[in-house]
Amino acid sequence: MKKIPSFLLVFIASTAIAFSQARVVKVLDTHWKFQKGNVEDAFKTNFNDSKWESVSVPHDWAIYGPFDKKNDMQTVAISQNGENTPTVKTGRTGALPHMGTAWYRNTFTLPKEAKGKKVLLLFEGAMSEPQVYLNGKKVGEWAYGYSYFYFDVSQFIQEGDNTLAVKLSNKEFASRWYPGAGLYRKVSVIIKNNESIDQWGQFITTPFISNAVAKVNIKTKASGENTRLVTTIFDAEGHKVSAEESSLRLGKEFDQNIKVENPKLWSPETPYLYKAVAQLYVGNELKDELTTRFGIREIKYEANKGFSLNGKVTKFKGVCLHHDLGPLGAAVNKVALRRQLTILKDMGCNAIRSSHNMPSFEQLELADEMGFLFLAESFDEWVLPKVENGYHRFFDEYAEKDIVNLVQATRNHPSIVMWSSGNEVPDQWGEAGVKRAKWLQEIFHREDPTRPVTVGMDQVKATMESGFGALLDIPGLNYRVHLYDEAFKKFPQGFILGSETASTVSSRGIYKFPVVQEKMKQYPDLQSSSYDLEACSWSNVPDEDFVLQDDKPWVIGEFVWTGFDYLGEPTPYDEIWPSRSSYFGINDLAGLPKDRYYLYRSRWNTKATTLHILPHWNWEGREGQITPVFVYTSYNSAELFINGKSMGVQTKNKNTPQNRYRLMWMDVKYEPGTVKVVAYDDNGKVAEEKEIRTAGKPYQIVLDADRKTITADGEDISFVTVSVVDKNGVPCPTATNQLKFKVSGAGTYRAACNGDATSLELFHKDTMKLFSGKLVVLVKSKTTAGDIKLEVTADGLKSGKLTLTSTK
Ligand code: GAL
C-alpha cells in the first residue's frame with residue numbers, strides 16, 4: 001500500500017485528532033462530561049462543565065439505578081397480550097431511571113489542516129431524540145434511539161478545540177422493554193478529503209459463486225472529480241488475492257467486478273472473511289482509503305425447500321435478543337457480546353434476530369467472525385401505537401431514513417441474510433397497513449436487492465385475509481403454532497419462518513410442584529418453574545416448535561424468544577412488584593444457562609453430546625413426595641437411578657411433544673442422595689453417564705472465570721461464575737448467601753448479576769446475594785498489565801480467591 005505523508009500532530013488535554021492518513025476515524029470514547037437534567041446553555045462553547053460527571057462512551061445513565069416501581073410505571077392494557085382492561089405495569093421497562101433529559105459534552109482538537117476537509121460526526125445510536133451541537137451551533141437531530149446516523153459538520157469545525165454537545169430526551173411510555181439511556185453506542189469523528197468515498201457508499205455482493213471462481217461485485221460511490229479507484233482483495237491470512245483499477249464512473253458510482261479464485265465460502269461453520277481495500281486516487285495522490293470485510297456466500301429462499309446457504313438447505317436455529325447486556329445495561333460492550341455468542345454457539349444456535357431494532361455494529365462484526373446468520377430488524381411500531389410515546393411519533397418523517405441508514409451501514413456483513421421491517425405492528429390490520437408493508441419492503445429492496453424482507457406477524461388470520469402476509473418476501477409467524485399449516489396453504493411463498501417462538505418462562509434453578517403444563521402461572525415468590533412447562537397465553541413450550549421444525553420441511557427455522565433474559569417485560573409478573581426483568585431467556589440475565597439451554601443444545605448442537613439432569617437434588621422437606629426427574633439429552637434413551645435403584649429406562653417417543661424431546665420420570669419420589677442417568681446409544685450400549693448429588697451445608701465459595709487472561713486495555717472483562725459448595729465440593733443449588741467482592745491489582749470490579757428477576761440489588765455495588773447458588777462477577781482490566789486478584793467473601797463461608805492475568 002502506498003504511504004501518504006503525515007501531517008502535523010496536535011495533542012492537548014482533550015481528544016486530539018492527528019492526521020497521518022487520508023482518512024482519519026477517531027472514536028470519541030473518553031473525556032466526556034455528563035449531566036442529567038435540562039441544563040440551560042449547555043450547548044454553548046464557553047459553558048463550564050467542570051462540575052459535571054466524567055464518563056466514557058458508550059454509556060448508559062440509567063443502569064446505575066436505583067430500581068423503583070414508579071420509574072416509567074405504565075397503566076395500560078397490553079392488547080398484543082390479549083388484555084382489554086388497563087392495569088398498572090411496574091417493571092415493564094426495567095424500573096430503572098431512563099426517562100428525562102441529559103447532556104453530554106466533549107471537546108476534540110483539530111489541526112489547521114482539517115479546514116477544507118470533509119468532517120462527519122457519526123453516531124451508532126443515541127437514546128433518544130438526540131440534538132447535536134458543535135461549537136455552539138445546532139448541526140442536526142434524530143429521533144429513533146436505535147438508528148445509526150451521521151452529520152456532515154465540515155462547515156462547523158474550527159482549528160483547535162471543537163466543542164460537541166448532545167442533548168438526549170427519553171419520554172416515559174415509549175418502550176415495551178428497557179431501552180437504556182444516553183450515548184450507549186459509539187460516537188466518532190471522520191475526517192477525509194473532499195475527494196473521498198461516501199459514507200456507507202460501498203456495497204459488496206457476490207453474485208456468482210462456483211468452486212473455481214467467485215465474482216465479487218463492488219459498487220463504490222465517491223465524490224470529487226477525476227478520481228480513480230483501486231480495489232484490492234485480501235484473504236483472511238492477509239494475502240493479496242486480486243485487484244482492479246477503474247476510472248469509469250456511472251454517476252457517482254464505480255462498479256467493479258473482481259475475480260476470486262477458489263473462493264472460501266462464508267458459513268456459520270466456516271466464517272471465512274475477505275477484506276476489500278478501496279483506494280481512491282486523483283492522479284497519483286491517494287485521497288481516500290477504506291477497508292471493508294466481507295464474505296463470499298450465496299443465499300436462496302425457495303418454495304418447499306426453504307433457505308439454503310451455499311447450496312445447502314439450512315434451518316434457522318435462532319434466538320431473538322434484546323440489546324441490553326444485563327448488568328452492563330444498554331451500553332454496548334463487545335466483550336459481553338462475544339461471551340453471549342460463545343454461549344449460544346455451544347448451544348448449537350446458528351442465528352440471531354435483533355429484536356426489535358437495529359443491531360449494534362459490534363454484534364454484526366462478531367456474527368461475521370463467529371458464524372451466525374443474522375435477521376436485522378428495524379421497528380416495533382409503524383403508524384399505529386403499541387405504547388403512547390413509541391416510534392409511531394416518528395414513522396412518517398423517519399421510517400425511510402432509518403431503513404436507508406440501517407441497510408447502507410450494514411449490508412456488507414455476510415451474516416445478515418434477512419431484513420425485518422417490523423414486529424407485531426398493529427398495522428397488520430387494515431388496508432393502510434398493507435400499503436405500509438409494501439412501501440417499507442420496497443425501500444429495503446431498493447437499498448439492497450439481494451436480501452428478502454420479513455415481518456414478525458402475530459395477527460396471522462388478519463394477514464391471511466388482507467394480503468399483508470402474501471406480499472412479504474418471507475412470512476414470519478410469531479407463535480401461533482396452530483396456524484402454521486393454514487398459513488402455509490394460504491400464503492404463496494411456499495415456506496414459513498418461525499420469526500418468534502416459544503416464550504417459555506423459567507427462573508434458573510427454581511422448580512415448582514406439582515409438575516404440570518401451565519399458562520401465565522404465578523407463584524408467591526414471583527419465579528417461574530424450570531421444568532420448562534410454563535408459557536404465556538399466546539405462547540408455547542419449546543417442544544411444540546420442535547415438532548413443526550422436524551415434521552414440516554417448509555418451516556425454515558425459528559427464532560426463540562429469547563436467548564438471554566433482558567431488563568423489563570417481566571411476564572407473567574407484569575403487574576407484580578418487584579419483578580423487573582424477563583423470565584423468557586434460555587440463559588438468565590447473568591448469562592448463566594437455565595435448564596432449557598440443554599433442551600435446545602440436545603437438538604441444535606449436533607457435534608457434541610448433551611446429557612443434563614433436572615431438577616437439583618436438595619429437597620429437604622419433600623422426602624417421599626413426587627419429584628419428577630427430566631433429562632435433556634441428545635441420546636434417545638437412558639436409565640435413571642436414585643441412590644443406585646433403577647427407575648427404569650425411558651426412550652423418546654412421539655406420544656406427546658414432550659415425550660419426543662425429553663426423557664421424563666414422572667413418578668420419582670424424593671430421597672436425598674444421588675441421581676444418576678445412564679444414556680444408551682442406539683445399539684443399547686452405555687454411551688455416557690451423569691450424576692448429581694444432594695449437597696450438605698454451604699461451606700466454601702468457588703470461583704470460575706470464563707477467561708483467566710484478559711487484555712490490559714481498560715475494557716476487557718473476565719466473567720467469573722461464583723458458586724458455593726459443601727465440604728465435599730458438591731454445589732449447593734439453593735444457597736442465597738450475601739456475598740462481598742473485592743478486586744485489587746491490575747483490574748477493577750465492574751458489576752455483578754445473579755439472574756434473579758426480582759432482585760433490587762444494584763449491579764455496580766460490590767455486594768449481592770446468590771440466586772439458586774450462583775451469580776456472575778464482572779472484573780474489568782486496567783490499562784496496566786499485571787495480576788488481578790478477586791476475593792469473594794461471605795459470613796460463615798470460606799472465601800473464594802482467584803488470580804487473573806492482564807496482558808498487553
Ligand atoms: C411477542 C413480542 C416480544 C415479546 C414477546 C413475549 O409478542 O414480539 O417483543 O413481547 O411477545 O412473549
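**Odd backbone spots and a covered helix**

Glu129 sits in the loop that links strand 8 (118-123) to strand 9 (131-134). In this predicted model, Glu129 is a bit of an oddball: its phi is positive, at about 45°, even though it isn't a glycine. For background, most residues other than glycine have a negative phi.

Asn304 pulls a similar trick, with a positive phi of about 65° despite not being a glycine. Its home is the loop between strand 21 (299-302) and strand 22 (306-309). Asn304 counts as exposed because its relative accessible area is 52%, and the cut-off for exposed is over 50%.

Next come the peptide bonds. Most of these are trans, but the one from Phe513 to Pro514 is cis, with omega near -5°. Pro514 belongs to the loop running between strand 30 (496-502) and strand 31 (518-519). Another cis bond joins Thr571 to Pro572, this time with omega near 10°. Here the proline, Pro572, is found in the loop between strand 33 (555-561) and helix 9 (595-604).

Strand 30, strand 33 and helix 9 turn up again around helix 8, where they are among the elements that cover its buried residues. Helix 8 spans residues 542-551, and its buried residues are Pro542, Asp543, Asp545, Phe546, Leu548 and Gln549. The cover also includes helix 7 (484-490) and helix 10 (657-661). As a general rule, an α-helix has 3.6 residues a turn, so residues three or four places apart point the same way. That rule is handy to keep in mind when looking at where Asp545 and Gln549 fall among the buried residues of helix 8.

Notes
Residues are numbered from 1 along each chain as its sequence is written. This is a predicted model: local features need pLDDT of at least 70, side-chain atom pairs count only at pLDDT 80 or more; totals for chains, interfaces and linings use all residues. Side-chain values use heavy atoms; hydrogens and water are left out. Helices (H or I, at least four residues) and strands (E, at least two) are DSSP runs, numbered from the N terminus. Buried means under 20% relative accessible area, exposed over 50%, partly exposed in between (1.4 Å probe, protein chains only). Contact means heavy atoms within 4.5 Å.
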